[in-house]
Amino acid sequence: MPFISKIERQSDYLNFSPSTPIVIDNGASYFRIGWAGETDPRVVFRNIVSRPRHKVTGETITIVGDHDPTLMKYFDCSRSGPRSAFESNVVCQFEIMEYILDFGFDRLGANGSEIDHPVLITECVCNPVHSRRNMAELLFETYGVPSVAFGVDAAFSYKYNQQQGVCAKDGLALCPGFITTHVIPFVDGEPVYKGCCRTNVGGFHVTDHLKQLLSLKYPYHFARFTWEKVEDLKMEHCYIAPDYASEARLFQKGVKEAEEKTRFWQLPWVPPPIEQPPSEEEIARKAAIKEKQGQRLREMAEAKRSSKINELENELQGLEFLLHQLDQVEESDVPSFLAETGYVSRQEIESAHNKVTQSLRKAKGEPKNEHAEPEKADLATDEKYYLINIPDDILTMEQLNEKKKQLAIKSMSEGRQRLKQKRYEEELERERKQQLEEEKRLENPELYLEQLHARYKDLSERVDQQKRLKTNGGNTNGNNFSGNVGRGERLNAAQRERMRLLTTAAYDRGKGEDTFGARDEDWQLYKLMSKDNNDDDEGPDEDEAELARISSRLVDLDPTFIPKLEAGNGTSQPAEVPRFRPLTKEDFQIVLGVERFRCPELLFNPNWIGVDQAGLDEMAGVSIRRLGYTDENFEEKLTSSILVTGGSSLFPGMVERLESGIRMLRPCGSTIKIVRALNPVMDAWRGASSYASHSQFHTQTFSRMDYYERGEDWLRDYQLKYTF
């Protein structure tokens, strides 16, 4: 089974005797394994397993713990995310647990599948018997472990700190872990499990809550908030507020103290390149290159022009020679001569000659003969429409049809020319008006702007009045507004006339068979119904066009001008396109303000995330009450030695907040002493290592034969003695 890991494999496994126990701290967050009697574990990795597939070969591999990000580009992790063997701090997925144990024993240096060393493995408080049974069977059947012992990680941490003189024999162990939080009372150095208290909130929920807050606050940086990075932010910047309400008010008011507590995480950002103005040498160099390219283009254009002039001169000489020969040919031989040349008539040759002459004159850049142009145009028109002026009685049937075509084409051409001339005159008139307006504006800008506003107001009122007339025909509901009028009153005169014609036709033809359209007068009625009848609903309105022009003019001249919305048409002005703003360094900054103390507050208020259980300070009072002692002096002994251990106890301000919270639950004047473990993360493994190195450790283990002889009921009552 291939593994991917950066953890080096130990090479001194065979140097330890079979009687040396292997110590395993099987935490929900990290897995630690090492030898009894040592101060630090040999192998530490995250207690997760991933099984992605190779993108090329399709082979499934096993990744235990932290993986190398550089290798992940070769594997598909979309279908297999990291999985844990724990559910609410209890090992339930033993298939995943087997992968983790395989990897741990392999990196410890074990050869083969047999482990010939006793094993001390940690578990949660009051671990269910089915989890303990499956773990024992896994160690006995799969790895051949000679003997096994189960112990509570928080108890090992308390005993280790007791040996170091940090806490007393009687006290409380508060363990805010990764998934759950436990409180264990100790009496005479032994844990009393009937007084234990548990809440299903831990460091995992703090990290997840921080990840959600940052993702909602900065959705465009969502991909940056990986679990590992948010975990680092939590451990580096989060803290426990002495009083959450007062701390939140500081950030709400934005005082200087809140600004000092705000932290910034700068994401990778590359400033955009600043365009430097080109130097004089660069400008001169570009100008020289441009001049060189222009000279080359001019030479190419001149060569092309010369070639074209030569071609046109040759073609013109050929046409002149052809006309000269045509003059010498007899009239009877003209058709045969033209058939050989490819032309139909002499007019066609002359037309080609004129075109080539014009093209040659244009290519040489000679000025046009303005007096000759109209005459030539008239001649060309007469040649094109040569049948128009000929009487019909001397034309054949085919020539008559051709004459009709020429008449239609000529009328259409003349219409287009008139329309073109009209547009040209309108454009000249528009330019003349614009020039006059510009002269007025330059002469007196303030007066011009005032007149423009007055003109806009008059046109706006006129257009609104026209729209109201179109809507209800001039009728109102008494408030000078349209509305609450009938359908007939909303129609204008043209629409009412069409409605009357339709009603008449329907009344006359409503009985019997529908024969509308069978007679000629029906089509006359249809023309009347479809006639415009001076209906001003269709087509552009001059007032509206003028209003739009004045509105655009005011927008250009007056920055404070806001055009009216087109409410009558049911449309509004298009939304303004957001202006592009270049990204700055601040756009890639993650600001950690109230999130620094809001997320760890879940340990004291689990109901914020829907967990209806007690907070960390309240759990201490619950645990003391569950013991059932009535001696107040004994309760004083417990509260005077409270040890805080576990990864989530590393938040700054944890001890002070716990002391103030527990003091509110105890009688006035009670002695309360809260201390943090020497190393809240490693003390559980160190305590287990010290315990397993004792000479009487073998008396607390049980072998495979003991397990099968005594059965599951004995395993349910199995408890480790922490004091020899």
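This passage describes helix α6 and two loop residues in a predicted model.

Helix α6 spans residues 244-253. Three of its residues, Tyr-244, Glu-247 and Phe-251, are buried. Viewed down the axis of α6, the buried residues fall within an arc of 70°, so they line one face of the helix. An α-helix has 3.6 residues a turn, so residues three or four places apart point the same way. The face of α6 turned away from the buried side has another character: Gln-252 and Lys-253 are exposed there. The cover over the buried residues of α6 includes two helices, α7 and α18. Helix α7 covers residues 256-261, and α18 covers residues 595-598. Gly-254 follows just after α6 and takes a positive phi of about 70°.

Positive phi values also occur at two residues that are not glycines, Asn-89 and Asp-188. At Asn-89, phi is about 70°. This residue sits in the loop between β8 (86-87) and β9 (90-91). Asn-89 is buried: its relative accessible area is 15%, which is under the 20% limit for that class.

At Asp-188, phi is about 55°. Asp-188 belongs to the loop between β13 (181-187) and β14 (190-191). Here the side of the cut-off is the exposed one. The relative accessible area of Asp-188 is 55%, and exposed means over 50%. Thus Asn-89 is a buried loop residue, whereas Asp-188 is an exposed loop residue.

Notes:
Residues are numbered from 1 along each chain as its sequence is written. This is a predicted model: local features need pLDDT of at least 70, side-chain atom pairs count only at pLDDT 80 or more; totals for chains, interfaces and linings use all residues. Side-chain values use heavy atoms; hydrogens and water are left out. Buried means under 20% relative accessible area, exposed over 50%, partly exposed in between (1.4 Å probe, protein chains only). Helices (H or I, at least four residues) and strands (E, at least two) are DSSP runs, numbered from the N terminus. The arc is that of the directions from the helix axis to the C-beta atoms. Contact means heavy atoms within 4.5 Å.
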